[in-house]
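Trainee: Please give me a close look at one part of this model: the salt bridges. Tell me where the partners sit and what surrounds them.

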Amino acid sequence: MAEHIVRSYEQELADIDKKLSYMGGRVEHALGQALESLEHRNPKLAEQVVRSDKEVDAFERDIEAQVISMIARRQPMADDLRHVVAALRISSDLERIGDLAKNIARRALTISAESHPKSLITGLRSMGELALGQLKQVLDAYAARDAERAVAVWNADANIDAAYNSIFRELLTYMMEDPRNIGIATHLLFGAKNLERVGDHSTNIAETIHYLVRGTNLSEE
C-alpha cells in the first residue's frame, strides 16, 4: 500500500486495526467461555459471558463511528477505502459472533442444573473447537493480510456444517427415544445452531479479507 503523507492518517488506520484486534480477542475469549460454561454447567461463567457482550457492542459502535468519520474527513481511495470498509464489515461480523456466544451462555444458564448426555456434549465440544479454530485462523489472517489463510477458512466451513448436521441427527434421535429429553435437547440444538452461525460469520470475515488483500471476491475465483 502507498505511504501516507499525513502521519496522523496512518495512525488512524493503525488504531482501527488495534481496536479490531482487541475486539476479536474479546469475542474469541467469550465464545470459549460460553462453551466451557455449557460443558461444565457453570452458571457464573455463563453470566460473565452475558455481561461482557456490552463491551463488544461498544467496540463495534466505536469502530463504526471512526470509519464514518475517516471517510468524511479523509475521503480514502483504493486500498485505504478497502481497508476502512473491511474494518466496518469485520466489526459487524465480530459483534454478531459475540451475540452468538452470549446466546450459548444463556442456554448454558437455563440448563445448568440438568445433567448433559455425555455423547452430545462431546459432539458440541468438538464442533465448538472447530468454530473457535476457524475464528482464530481468520483473525490471524486479517492481522497478517493473508489471503491464502482466509481462503482456507472459507473452504473449511464445510467441516462445521457437517458437524452440525451430525449433532442435529443425534439430538433428534435422543428426543424420539424419550420425550423427557426434548427440553434439554432443544437447548443443545440451538447451541449447535449458534456455532454453525459462528462458522458462517468467520466465512464472511474470510471473504472480506480476500477482497481487502486482492481486490476481488472469493466467488469470482
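Mentor: I will start with the overall frame, then go through the pairs, and end with the surroundings.

This is a predicted model; local features need pLDDT of at least 70, side-chain atom pairs count only at pLDDT 80 or more, and totals for chains, interfaces and linings use all residues. Residues are numbered from 1 along each chain as its sequence is written, and side-chain values use heavy atoms, with hydrogens and water left out.

The protein has 6 helices and 0 strands. Both kinds of element are DSSP runs, numbered from the N terminus: helices are H or I of at least four residues, strands E of at least two. Read from the N terminus, the order is α-α-α-α-α-α. Along the principal axes, the C-alpha atoms fill a box of roughly 70 × 40 × 20 Å.

Now the charges. There are 27 positive and 35 negative side chains. Lys and Arg count as positive, Asp and Glu as negative; His and the chain ends are not counted. Each charge is placed at NZ of Lys, CZ of Arg, CG of Asp or CD of Glu. On that basis, the centres of the two sets lie 5 Å apart.

Side chains of opposite charge can pair when their charged atoms come close. Here, 16 salt bridges are found. The criterion is a side-chain nitrogen of Lys or Arg within 4 Å of a carboxyl oxygen of Asp or Glu.

Take K19 and D15. Their closest N and O atoms are 3.3 Å apart. Both residues belong to helix α1 (residues 7-40); they are 4 residues apart, so about one helical turn separates them. K19 counts as buried, at 16% relative accessibility. D15 is partly exposed, at 29%. Buried means under 20% relative accessible area, exposed over 50%, and partly exposed in between (1.4 Å probe, protein chains only).

Next, R145 and D17. The closest N and O atoms of this salt bridge are 3.0 Å apart. D17 is in helix α1, while R145 is in the loop between α4 (118-144) and α5 (147-177), so the bridge ties together parts 128 residues apart in sequence. R145 is partly exposed, with a relative accessible area of 25%. Its backbone deserves a look too. R145 has a positive phi of about 50°, although it is not a glycine. Most residues other than glycine have a negative phi. R41 also has a positive phi, near 50°. R41 sits in the loop between α1 and α2. Its relative accessible area is 38%, so R41 is partly exposed.

A third pair joins R26 and E55, with closest N and O atoms 3.3 Å apart. R26 is in helix α1 and E55 in helix α2 (residues 43-74); the pair links distant parts of the chain, 29 residues apart. Both partners are partly exposed: R26 at 26%, E55 at 29%.

Salt bridges also form a network here. K136, D140, D146 and R149 are linked in it. R149 is in helix α5. With a relative accessible area of 30%, R149 is partly exposed. Leaving out residues up to four places away in sequence, R149 touches Q137, D140 and A141. Such a contact means heavy atoms within 4.5 Å. By way of distance, R149 and D79 are 70 residues apart in sequence and 20 Å apart in space, C-alpha to C-alpha.

Now the nonpolar surroundings. A nonpolar core is a set of buried Ala, Val, Leu, Ile, Met, Phe, Trp, Tyr and Cys residues joined through side-chain atoms within 4.5 Å. The largest one has 59 residues, and L94 and L188 have the most contacts inside it. Elements giving two or more residues to this core are α1, α2, α3 (78-110), α4, α5 and α6 (182-214). Beyond its neighbours within four places in sequence, L94 contacts L20, M23, G24, V27, V56, L135, L139 and I205.

Back to the whole chain. Of the 221 residues, 46% count as buried. Among contacts with a separation of 6 or more, 83% join residues 24 or more positions apart. The protein exposes about 11100 Å², and carbon and sulfur atoms supply 51% of it. That area comes from the Shrake-Rupley method with a 1.4 Å probe; for residues, only the protein chains shown count as cover.
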